[in-house]
Amino acid sequence: MKKIYFASMILAAGMAACSQNDSPIVGVGLDDVYYVARMEKLRLDPAITGTAYRWTVDGKDVADTRDYIFVAKDEGTYRLQFEIIDSANPYTWDITVVVRHEDVEYTPYISKVYEYCPAPGQFVNTMPEFESGDTYADMLRKVENCISGTNDELITLGAYGGYVTFGFDHTVVNVEGEKDFRLWGNAFYDATVEGELSGSSEAGIVMVSIDSNGNGRPDDPWYELAGSAYADPATIHGYTITYLAPDPDREIIADKSLGIIDLNYIGWKDSEGAEAYIPKTTFHNQDYYPGWVDASALTFTGTRLPDNKIDVTGRGTYYTLETFAWGYADNHPNSEADLNSFDISWAVDSEGRRVSLPGIDFVRVYTGLNQYCGNIGETSTEISRAQDLHLPL
Ligand SMILES: [Ca+2]
Ligand SMILES: [Ca+2]
Ligand SMILES: [Ca+2]
């Protein structure tokens with residue numbers, strides 16, 4: 001067999017590993033045996049390269065990349081194999097991973113809020129409450145108090161694009177063929193509307209991310225969970241909107257018929273060439289622009305769902321919002337467990353290609369609709385809880 005120097009070095013290292021203890025082998029970057037907790041990531045970064053790769057777990061193909069993140073829902077012993085597919089210099093490395101129970105019992109609910117960036121809206125500064133002098137850190141803490149555990153206090157994300165980013169005290173495993181986590185909001189069905197399900201569906205788009213660089217922060221690639229409207233021709237991908245802080249010199253114009261006290265309150269422009277205002281209503285007369293934000297403009301980019309509002313009376317006095325079939329937050333009532341549950345395997349990249357994630361550490365939800373509905377105002381996603389479905393209660 002023809003060998004090049006590099007390959008023979010690796011083979012020698014591989015053989016040496018069999019007769020030695022579990023110390024890492026210089027040049028390969030992999031151990032023989034690893035010990036991790038369940039739902040804890042094991043990052044495997046081989047230091048060797050080839051033309052193609054294959055990772056298997058208990059004989060099943062799991063990845064074709066050089067690096068691989070292993071994470072298991074269940075305790076036990078797993079047999080992994082890393083293979084370089086190369087006709088001239090094939091190479092395999094066997095790994096045993098022993099998955100044990102965690103030292104401190106996990107909670108299935110949110111344990112950390114990383115970001116809270118609502119767009120302006122009628123519940124902003126009240127859900128949660130902004131008190132004079134509150135900093136961004138104060139607001140993050142308030143949001144964390146609202147949606148952690150089973151505290152079940154609704155937070156608003158404001159108009160289109162506003163978002164929250166949260167995580168758990170462990171990695172949520174992507175179990176094949178199963179939904180992996182559930183979200184709670186304040187959607188409801190309207191029994192007076194016939195035909196399609198409708199009511200208050202203020203659908204939020206859900207994104208997921210795995211802490212692939214291992215620094216504990218949500219600074220890794222994000223993937224949208226492609227819900228039922230992802231491929232709808234009326235859905236706009238790569239949509240951008242910019243909101244302006246209220247102009248102190250604006251002329252205050254009211255429209256009492258719709259309970260509006262300030263028609264030209266918060267101006268916005270979007271990437272479709274549209275511009276308009278979020279009016280202030282008499283029902284919610286606090287500031288709508290986040291009180292802790294110094295910037296005079298807020299820009300958000302994402303996927304915009306098709307408008308789902310129906311003007312029942314035709315006069316803007318009674319709107320109902322049609323539900324999307326599946327795959328969105330705050331879209332069906334909380335009693336609909338399955339319709340509020342999400343499969344990490346729905347993840348797609350920015351080009352719409354399916355992405356295979358072993359699990360996720362971060363969830364981001366943002367308001368997916370940009371529409372104004374008369375007396376009920378702009379559409380905003382609300383969230384009150386999240387749960388990993390793979391931890392028995
Ligand atoms: Ca899954
Ligand atoms: Ca990270
Ligand atoms: Ca809502």
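Good morning. By a domain I mean here a stretch of the chain whose bounds come from an automatic or database domain assignment. The structure before you is a predicted model, and its chain is divided into domain 1, residues 5–100, and domain 2, residues 112–388.

Let us begin with how these two domains stand to each other. Taken over C-alpha atoms, their centres are separated by 41 Å. How many residues are in contact between them? On the side of domain 1 there are 9, and they are in contact with 9 residues of domain 2. If we look at the character of the domain 1 side, we find 5 nonpolar residues and 4 charged ones, with no polar residue among them.

I turn next to the interior. The largest nonpolar core has 80 residues. Which of them touch the most other members? They are Phe 70, Val 164, Val 206, Val 208 and Val 365. Among the contributors to this core, strand S10, residues 163–173, gives the most, namely 6 residues. The core is also shared between the domains, since at least three of its residues are drawn from domain 1 and at least three from domain 2.

Val 206 deserves a moment of attention. Leaving aside its neighbours within four places in sequence, this valine is in contact with Leu 225, Tyr 328, Ala 329, Phe 342, Val 363 and Val 365. Please keep Phe 342 in mind, for we shall meet that residue again in a strand.

That brings us to the sheets. Strands of a sheet pair through backbone hydrogen bonds, and they may do so in parallel or antiparallel fashion. One open sheet here has 3 strands in the order S22-S11-S26, with antiparallel pairing. Which strands lie at its edges? They are S22, residues 341–342, and S26, residues 385–388, each of which pairs on one side only. Strand S11, residues 181–184, is joined to S22 by 2 bridges. In one bridge, Phe 181 has as its partner Phe 342 of S22, the phenylalanine that is also in contact with Val 206.

Finally, consider strand S17, residues 260–270, which has antiparallel links to two other strands. With strand S16, residues 236–244, S17 shares 3 bridges, and Ile 241 is partnered there by Asp 270 of S17. With strand S18, residues 275–281, S17 shares 6 bridges, and Asp 262 stands opposite Lys 280 of S18. S17 and S18 form a hairpin with 4 residues between the strands, where Gly 273 takes a positive phi near 90°.

Thank you for your attention.

Terms used. Residues are numbered from 1 along each chain as its sequence is written. Chains are lettered from A and ligands numbered from 1 in the order in which they are written. This is a predicted model: local features need pLDDT of at least 70, side-chain atom pairs count only at pLDDT 80 or more; totals for chains, interfaces and linings use all residues. Two strands pair if DSSP finds at least two bridges between them. Two residues are in contact if their C-beta atoms, placed from the backbone, lie within 7 Å. Ala, Val, Leu, Ile, Met, Phe, Trp, Tyr, Cys and Pro count as nonpolar, Asp, Glu, Lys and Arg as charged, and the others, Gly among them, as polar. A nonpolar core is a set of buried Ala, Val, Leu, Ile, Met, Phe, Trp, Tyr and Cys residues joined through C-beta atoms within 7 Å. A residue is buried if 20 or more other C-beta atoms lie within 10 Å of its own, exposed if 12 or fewer, and partly exposed in between; C-beta atoms are placed from the backbone.
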